[in-house]
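Reader: I'd like to learn how to read a structure like this one. Could you walk me through a few features?

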Amino acid sequence: MKQLWYLLVPLGAAILIFSIRGLIRDVKAKLLYEQAYIEESGSFTVTEPGNYGIWLNGKQYSKSPYGEFDLQLSIKETGEMIPLNRPLMRTTVSGIGTARIELYTFHADVGNYTLTRTDGANLGDRLFSNVGKIMSRKPVDYERFSFRVYPHGSFALWFAYTFGNVLGIMLVMWGILLPHYL
């Protein structure tokens, strides 16, 4: 039965290390562009083609401008609009004092792009933001919020890495405990 230890523990440790490294790589995505909320538009350059996400970043536990705006993305040279897709499940990341939520994803080729904040939000966003308006009567401090563009991490990969973490821990535990009980 010691063969179980020789098989399960190294296999579980390898899966666990691979999954943790993948999660860390996805969480520590490099910031491509940041635009203050009070700026109506701004430009940025994409140097590698791929999928990207636009996030609303701001002070945690404060009233946000969520539901008061919409965004448009266009190619700077031609003015051609880039379609923005709403994620099925919005990802949020919280830190000490700050939080961010992924608003849109898009595919971009190499080039220059313009991000523009417009009035007129989506109906769902406006309804959701009304909950915050009921909870707090304080005005929104727009200077504490910004839009950020990061490379987009796939939800399927996050799920796979999380599953790999759980599987790796279970294999290591089974490899240690099973030989003693069999």
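Author: Sure. Keep in mind that this is a predicted model. Let's start with one residue and its company: leaving aside neighbours within four places in sequence, Asn-165 is in contact with Leu-16, Ser-19, Ile-20 and Leu-23.

Reader: Where is Asn-165 found? And is Asn-165 buried or exposed?

Author: Asn-165 belongs to helix α3, which covers residues 155–181. For burial, you compare the relative accessible area with a cut-off: under 20% means buried. Asn-165 comes out at 15%, so this residue is buried.

Reader: Okay, on to strands. What is the order of the strands in the open sheet?

Author: To read a sheet, go from strand to strand across it. Here the 4 strands run β2-β8-β4-β5, and their pairing is antiparallel.

Reader: Which strands stand at the edges?

Author: Those are β2 (41–46) and β5 (81–82). Each has a single partner strand, so one side of each lacks a neighbour in the sheet. Take β5: its antiparallel pairing with β4, residues 70–75, spans 2 bridges. Within that pairing, Leu-73 sits opposite Ile-82 of β5.

Reader: How many cavities of 30 Å³ or more does the structure hold?

Author: Just 1. The largest cavity has a volume of about 40 Å³.

Reader: Which residues line the largest cavity?

Author: Read the lining as a list, then sort it by character. The list is Tyr-66, Gly-67, Phe-69, Arg-86, Arg-90, Leu-103, Tyr-104 and Asp-125. Sorted, that lining gives 4 nonpolar residues, 1 polar and 3 charged.

Terms used: Residues numbered from 1 in each chain as written. Predicted model: local features only at pLDDT ≥ 70, side-chain atom pairs only at ≥ 80, totals over all residues. Heavy atoms only, no water. Pairing = 2+ DSSP bridges. Buried < 20%, exposed > 50% of the residue type's maximum accessible area, 1.4 Å probe, protein only. Contact = heavy atoms within 4.5 Å. 1 Å grid on protein atoms, 1.4 Å probe; cavity = no way out; pocket = protein on both sides within 12 Å on 5 of 7 lines; lining within 4 Å. Points joined across faces, edges and corners; volume = space filled by probe spheres on them. Nonpolar A, V, L, I, M, F, W, Y, C, P; charged D, E, K, R; others polar.
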